[in-house]
Each structure stands twice: as C-alpha cells, then as structure tokens.
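Okay, everyone, thanks for coming. Let me put the model up, and then we'll walk through the ligand site and one of the pockets.

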Amino acid sequence: MIHLDHDIIIAPATATGGALCIIRLSGEGAIEMCDSLFRGKKRLAEAKGATLHYGYIMDGKQVVDDVVVSVFRAPHSYTGEDSIEISAHGSLYIANRIISLLTSHGARLAEAGEFTRRAFMAGKLDLSQAEAVADIIASDSRASHAIASTQMRGGYSEELRSLRDKLLHICSLLELELDFSEEDVEFADRQELSRLLNELLLKVRSLADSFSLGNALKHGVNVAIVGRPNVGKSTLLNRLIGEERAMVSEIAGTTRDSIEESVNIEGVIYRFVDTAGLHSTDDRLEQMGIERTWKALEKAHIILWITDSADRDIEKDLCGFAPSPEQRIIHVINKIDLHAKEDQPITETQDKKYIPISAKLGLGIDKLLAELHTIADATNALRGDVIVSSQRHYEALRKAQESLVRSLDGLHNGTPTDLLSEDIRQVMYHIGTITGEINSEDILKSIFSSFCIGK
Ligand code: GDP
C-alpha cells in the first residue's frame, strides 16, 4: 500500500557495491531528525537549504561513519519537502545501521517510487515527467535515454496541457449555453472550437504514431535476418555483432534454432535474430526452427531479407510472407564477392532497394547499417524529438483520438450541445490522464510501484 501521508520516509538511493552509499530522508522534520544523530561543525537544524556538511553519524558515543550530508529545505528539494541525503561509505552494514538508527527515531522505510510520488503530489513534476524518471534510470542506450530525457524535461505534456486548458475553457462556455437553453444563445465560438479540436487531433495523432518507434527504441529494435538456407545469414549476424556467435557452415540448415543477439550501434539497441533458413523440409527439428522463424518474422520491426547474389529472382524468396504495414523490409544481396562487384547496380524497383554486401568480407556493411539507422528513424530520437514510448500514454492518446474524431463529427453534424460537450469531456479526460490532471489511486499505484525503492 502506498501511504499518502507526510511521514518522514527513508531509503538507500544507491545500489550496493559502490564506493559510496547515499541514503535519502524526506518529510517535515527530516533535517532535525538527522541532526539528532549528526556531529559536525554546524548543526544541520540551522543549516541553509542546498548546503553540504561534513561530520559523523553517531550511535550514542560511537561513530557509525564519517559522512557528507546534503540539506534541502522545502520547497526547494526533489520531493518539495525538507530532505536530507547522507553520503556514507558504500558498505551495506553502514547503510543498514544508519537506516535503522533513523527508523528508530521515527522515520519509515519508503515504498517503491514514494520520493517521486511526493514530487508529483507537490507539483514538482507532472505524471508523464515522473514516469520518465523511471525510464531514465532504466535507459540502456543513447536512444532510450534521449526519449526519456526529453519526456522528463516536459516533452509533450506541456503542449498537451496547454491545449487541454484551452479546450476546458471552450467546453465551459458550451456548458454555460446549456443553462440558457431556452434562449438560443451561443457563447462558445464554433469556429474556434473546430480549430482547436483539429490542432489537438493533429498533435495527438502524431504522438500516437510515434509510439511504434518509441517502443522499439526503448526496448530494442527487433531485426530478423531471414532467407533461404546457406545465403549467409549466420555470417551476417556474426559480422553485425562482431563475434562468432552463430555457427557458420556450408551444410544447409545449420541454424536450426533462432539465435538472438543485442548490439548497441550508434546509440540504438538492435536485437538481431538469425533464423533457420526458410524452405520445405521433412526434418522435424528443422521444421520447428522454421516455425520459430515465422514467429520471429511476426515480432520483427525490420526484416533483413537475404538473397544469394547468384540468385537474381529475389521475389520468389519472400516465401509468401506478407509484412504488416509497420514492418519494413531491407532486401540484402549477399556474396557479391563471388558474383558481382559491390557497386554493380542491382535492378531496383520504385519501392524496393537492394543493398549489396559480402558478409564474409565485410563489404557494404556500412551501407546496410546506415539503412537500418534510417529505417529505425533513430536520428529523430537522438535529436531529442518528442516520441511516445509509454504504453499507457499510447492507449490514452488512442482513446483521446477517438473522442476527438467523434467531437469533430458532432460539431460538423450539429449534434446537440450536451452530447458534444460529453465527447469533449472525454478528450480532456484521456489527455488529463497522461499529464496527471486526472489521476486515480489505481493509476498512481501502478505507475509508482514499478519504481525502485529510494526513487
Ligand atoms: P546461413 O545458412 O544462411 O546462415 O548461411 P551461413 O552464414 O552459414 O553461410 C553459408 C556459407 O556461405 C558459408 O560457407 C559461408 O562462409 C558462406 N558465405 C556467407 N557469406 C558469404 C559471402 O559474403 N561471400 C562468400 N564468398 N561466402 C559467404
């Protein structure tokens, strides 16, 4: 259960094993509580906010550790409350001893995400910014960090909030009309309302559309390496990940299972899956591998479809696979060292581009990586463009989009004002759940419980 009270909460803010350990304490009276254990040149209770103090944490007459204490005074702290951060030596024993001393003085162990929840409650962060804090901590690549960092600095929530406020204003005028329904008055400017709904629809749609990219960049872009046996899929995987992970062999059907490897290439995590070659076979083991290939194909964001350069009839190699609209295929022609020069043009159709490579000799790999990067559209994320990567936000945006379309239809078809205002209320509701103007205990619980303790 998450408490809503203003107890003094305490938790270690760092993982064990480092040279230092930081213990966080927050709540009214936190500074005085720490002061009762602290011996330094100056009393913490008299210290100004945003100051550092060297001294000892004492257990009676015994020194527990020499520490540096940071003092933050409300409202200028992460939680908006009086807060303390104790930097001690990174021993689990010391951390536990300091924490148990402070709990014996009345502090309570913090729940997961409780510091950030307090920051949200104090209006220091909106809900989407608070969620981005967890994403920042979990970020493991330049792209996922860039997305989380943009969101934490305000991202789209500021823009959404301002559009929502304008909508709220017009909606209250609409609802005022209902009070004067006898008199046929129009307080809300319908043109202005239509303009605002369209602006919001454009914004919401583009944010929702960015989700498949954001989601892929946050969790890693799935790239399936697919093709007939012996075209060089394992050789390419080894080339891409830079090691001999997949077994390369001249015997067709060597990769019976799917091999998956994640590589960080220029700030983006790609999850390459080398699959069993697609062809018909009676070998039960191979058949199972081929079934897994189809599964990997379904999950893939990008498909590297490899063909041997001796085989120019590329189309037949698609083996009847129909990609979904979000999936992108890169056609790769391998073994150009045997059959063609790297720069020899290969017939391209309007919507198909072929990348000639030699996985064995490493020719054309740069071009292939550049193409992957363009398709993953990673440059936008790395540039700090606003991209949605939260499933919760995506669902709210989708629902807002549906209500927006209904509102616009209603507005143009002369739907009665009370029904129109109900649809607009729905738009505001769904947008409000992203920024946190609308929040329920259930939403907050599910968001903050996924945080680590001490954040
Ligand atoms: P897979 O069945 O598609 O995974 O194919 P492998 O990666 O196991 O390769 C099959 C054979 O083709 C091996 O003997 C590789 O050394 C060879 N091969 C792969 N790529 C190239 C290439 O670019 N040039 C040449 N000459 N041989 C290659």
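So, the ligand: 18 residues surround it, counting a residue if one of its heavy atoms lies within 4 Å. The closest are Asn230, Lys233, Ser234, Thr235 and Asp337. Bear in mind this is a predicted model, where local features need pLDDT of at least 70 and side-chain atom pairs 80 or more, while totals for chains, interfaces and linings use all residues. Numbering runs from 1 along each chain as its sequence is written, and side-chain values use heavy atoms, with hydrogens and water left out.

Now the polar contacts, meaning pairs of N or O atoms within 3.5 Å. A ligand oxygen sits 3.0 Å from a polar backbone atom of Gly232, and a ligand oxygen is 3.1 Å from one of Lys360. Asn334 brings a polar side-chain atom to 3.1 Å from a ligand nitrogen. On its own the ligand has 580 Å² of accessible area, and the protein covers 92% of that (Shrake-Rupley, 1.4 Å probe).

Which helix gives the most to the shell? That's α9, with three residues; helices here are DSSP runs of H or I, at least four residues, numbered from the N terminus.

On to the second largest pocket, about 390 Å³ of space. A pocket is an open set of points on a 1 Å grid over the protein atoms alone, where a 1.4 Å probe fits, with protein on both sides within 12 Å along at least five of seven lines; lining residues have an atom within 4 Å of a point. The volume is the space filled by probe spheres set on the points. Among its 18 lining residues, Ser212, Leu213, Ala216, His301 and Glu326 are closest to the centre. α8 gives the most, with five residues.

Key. Polar contact = N/O pair within 3.5 Å; in protein donor to acceptor, adjacent residues only side chain to side chain. Helix = DSSP H or I, 4+ residues; strand = E, 2+ residues; numbered from the N terminus.
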